[in-house]
Amino acid sequence: MKKLVVFAGLILLCTLAQAQGGSDSGTSAGITIVPRVDFNPKFYGGTKREVTLGNSSLYTLFEGDITDNLSFSVCNHWLSDDPKPLYQNTWHSDDFTWCDWANLTYSFGNFFITAGKDILSIGGFEFEDYDFDVHPDLSSSLWNNFVCYQWGGKVGFLNEDETQGLSFQLMSSPYSVRPFEGGLLSYSLQYRGAFGPLSLIYSTNLIGNGDGYDWVFSLGNQLEAGDFTFGVDVSNKVSDEFAILRNGICAYAKAMYTPSDKWEFLLKGGMDRATSDIIEKSGDIVFFNSPAYDSYSFGGAAHWFPLRDSKDLRLHAAAAYNTSLDMVSLTLGAIYYLSFPKK
């Protein structure tokens, strides 16, 4: 309850700051409420069927500037298809919670410092999308299973036109139950670059696992060509029900076609390949041989924005097939972005 009161107080303070924004150009705030509803039947091997709520959820995104140099960002995940764990795991670093991130950023010159809960600099462009916008059955094992929201800090540098950037993070590790428990840390170095239509996100990470570190590298590449956007993300790790991180390869490609402001069409597919490995499960002194596997996922989605002169409402349909589960997933749904003040 204390956490809810604290965030309610922050919302009130920043709403007052927004009201005073006309007299102080360095102060502003805005909140976006994002409900999503999905209908998601799944078919396994042609014999078994289940109907889920897919990525149905309720999020809020609360961001603003406190001064010309100090800004904040808070993303809360209030509801999901199974909301109970979000609140049971409030102070956990090994699972997702009702608070995705909550941080402050101080900028000075070409440098910035961020402190609080943030997303680890892991993965490529797949991790750039808001969780509420994503179709999970079209996403990689890293996106679906790795707990990327951790506590800590980041320092970074951007060049004058903000086309090149380098940052270093020191964060908690998803291998610890509580943040920094047992002294477990994550170290991340990330480069971001834009070269005309080509954008890059390259990162390397050392994730403390209690018996050393898992080394994770990720190469994110994206190319814009008129109405088309093409991307390829590659990593040397996968994440699944057996372990937070496993040796292997995670490689996904996408193609997005945006013929107008009203339509988006997405094709996506890739591979999660886990090698056989001896792993430690849940921090216990229990070791076993995890099975090697190859899992391929591919499919597509269509997004329609029906409102005139607005993209506040998105209607979507998606279909995906996963080879390791022999699963066909179909999704129909809607998402609404309610912003204050109106964008």
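Which residue stands opposite Leu266 in β17? In this predicted model, the residue opposite Leu266 is Ala301 in β17, and the strand pairing around that contact is a convenient place to begin.

## Strand pairing around β14

Strand β14, which spans residues 263-274, runs antiparallel to strand β13, residues 246-260, and 11 bridges join the two. The connection from β13 to β14 is a hairpin made through 2 residues. Within this pairing, Ala255 has Leu267 of β14 as its bridge partner.

Strand β14 also pairs with strand β17, residues 293-304, again in the antiparallel sense and over 12 bridges. The position of Leu266 opposite Ala301 in β17 gives a residue-level reference point for β14 and β17, just as Ala255 and Leu267 do for β13 and β14.

## Aromatic pairs and the aromatic cluster

A search of the whole structure returns 20 aromatic pairs. In one of them, the ring centres of Trp215 and Phe217 lie 5.3 Å apart with the planes at 45 degrees, so this pair is classed as tilted. Both residues have some accessible area: Trp215 is partly exposed at a relative accessible area of 46%, and Phe217 is partly exposed at 26% relative accessibility.

The pair formed by Tyr257 and Phe265 has ring centres 6.4 Å apart and planes at 25 degrees, and it is therefore stacked, given that planes under 30 degrees apart count as stacked. Tyr257 has a relative accessible area of 32% and is partly exposed, while Phe265, at 34% relative accessibility, is likewise counted as partly exposed. Elsewhere, one aromatic cluster is formed by Tyr59, Phe96, Trp101, Tyr130, Phe132, Tyr149 and Tyr337.

## Lysine charges over rings

Two lysines are placed over aromatic rings. The charged end of Lys48 sits over the ring of Tyr44, at 5.5 Å from the centre of that ring, and Lys311 lies over the face of Phe305, with a distance of 4.3 Å from the ring centre.

## The enclosed cavity

How many cavities of 30 Å³ or more does the structure hold? The structure holds 1 cavity that reaches this volume, and the largest cavity has a volume of about 60 Å³. Its lining is made up of 13 residues, of which Gly124, Leu142, Asp233, Ser235 and Cys250 are the closest to the centre.

The elements that contribute two or more residues to the lining of the largest cavity are β11 (213-225), β12 (228-238) and β13, and β12 gives the most, with 3 residues. By class, the lining of the largest cavity divides into 6 nonpolar, 5 polar and 2 charged residues.

## The second largest pocket

The second largest pocket has a volume of about 1,100 Å³. Among the 43 residues that line this pocket, those closest to its centre are Thr105, Asp118, Ile119, Lys154 and Arg192. At least two lining residues come from each of β3 (57-65), β4 (70-79), β5 (99-108), β6 (111-119), β7 (149-158), β8 (164-172) and β9 (185-195).

The lining of the second largest pocket comprises 16 nonpolar, 18 polar and 9 charged residues.

## Backbone geometry to note

Most residues other than glycine have a negative phi, and most peptide bonds are trans. Against that background, the peptide bond from Phe340 to Pro341 is cis, with omega near -5 degrees, and Pro341 is located in the segment after β20, residues 338-340.

Positive phi values occur at Glu162, where phi is near 60 degrees, and at Phe180, where phi is near 70 degrees; neither residue is a glycine. Glu162 is placed in the loop between β7 and β8 and counts as exposed at 59% relative accessibility, since exposed residues are those over 50%. Phe180 is found in the loop between β8 and β9 and, at 36% relative accessibility, counts as partly exposed.

Conventions
Residues are numbered from 1 along each chain as its sequence is written. This is a predicted model: local features need pLDDT of at least 70, side-chain atom pairs count only at pLDDT 80 or more; totals for chains, interfaces and linings use all residues. Side-chain values use heavy atoms; hydrogens and water are left out. Rings of Phe, Tyr and Trp (its six-membered ring) pair if their centres lie within 6.5 Å; planes under 30 degrees apart count as stacked, over 60 as edge-to-face and the rest as tilted. Buried means under 20% relative accessible area, exposed over 50%, partly exposed in between (1.4 Å probe, protein chains only). A charge sits over a ring if NZ of Lys or CZ of Arg is within 6 Å of the ring centre and within 35 degrees of the ring normal. Two strands pair if DSSP finds at least two bridges between them. Helices (H or I, at least four residues) and strands (E, at least two) are DSSP runs, numbered from the N terminus. On a 1 Å grid over the protein atoms alone, a cavity is a set of points where a 1.4 Å probe fits but cannot get out, and a pocket is an open set with protein on both sides within 12 Å along at least five of seven lines; lining residues have an atom within 4 Å of a point. Grid points are joined across faces, edges and corners, and a volume is the space filled by probe spheres set on the points. Ala, Val, Leu, Ile, Met, Phe, Trp, Tyr, Cys and Pro count as nonpolar, Asp, Glu, Lys and Arg as charged, and the others, Gly among them, as polar.
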